[in-house]
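Colleague: Please take one part of this model and describe its surroundings in detail, giving the cut-offs as you go.

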Amino acid sequence: MSGAAVLVVGATGILAPLAATLARDGGEVVGVSRGGGRDTIAVDARETKALEAALRGLEWDEAVVYGPAVARDSLKWIRRSTPGRCVLVRTTASADPARGPLAVPPDTLQLGWTAEAHPRWHTPEEVSAAALEVLRDGRSRTLGTVRPWSDRP
């Protein structure tokens, strides 16, 4: 993966440490964030046409996408435009028991919370490290725990 170009949607937020790690390790980062900054492209990735226009002419090998930053159609477009692995980072809401049994597809990081005496949400560093593992091997993971649902912070 060293030297690969990676699209990172959420590059100034929860996935900022991931973008920094990829760049430090010699990869090219195509960062996307709603507000721009930190060498990212400012675009609302939930708007497919705007995303397509903002990324026109750019290429990347793989992608890591923070789920809340995209819509269903823009995620489909990103997946079609990514020749390699496209990792989706899903929030805890995807694990809500009201949605039925939890299934975590390949190339997906399912976020949970820490299983500590005082549960907490994971930090951007923890989320980014876990997302990088999924990017490297494609195996789905759940970061932390998602049950019992009543224990979430």
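Modeller: Gly27 counts as buried because its relative accessibility is 18%; buried means under 20% relative accessible area, exposed over 50% and partly exposed in between, with a 1.4 Å probe and protein chains only. The model is predicted, so local features need pLDDT of at least 70 and side-chain atom pairs count only at pLDDT 80 or more, whereas totals for chains, interfaces and linings use all residues. Residues are numbered from 1 along each chain as its sequence is written, and side-chain values use heavy atoms, with hydrogens and water left out.

Gly27 is placed in the loop between α1 (16-24) and β2 (28-33); helices (H or I, at least four residues) and strands (E, at least two) are DSSP runs numbered from the N terminus. Its C-alpha lies 4.1 Å from that of Gly3, although 24 residues separate Gly27 and Gly3 in sequence. Not counting residues up to four places away in sequence, Gly27 touches Gly3, Ala4 and Leu22, where contact means heavy atoms within 4.5 Å.

For a second loop, consider His122, between β6 (108-111) and α4 (124-137). His122 also counts as buried, because its relative accessibility is 15%. Its side chain makes a polar contact of 3.3 Å with the side chain of Glu126; such a contact is a pair of N or O atoms within 3.5 Å, in which, within protein, one must be able to donate a hydrogen and the other to accept it, and residues adjacent in sequence count only if both atoms are side-chain atoms. The His122 side chain also reaches the backbone oxygen of Leu143 at 3.4 Å.
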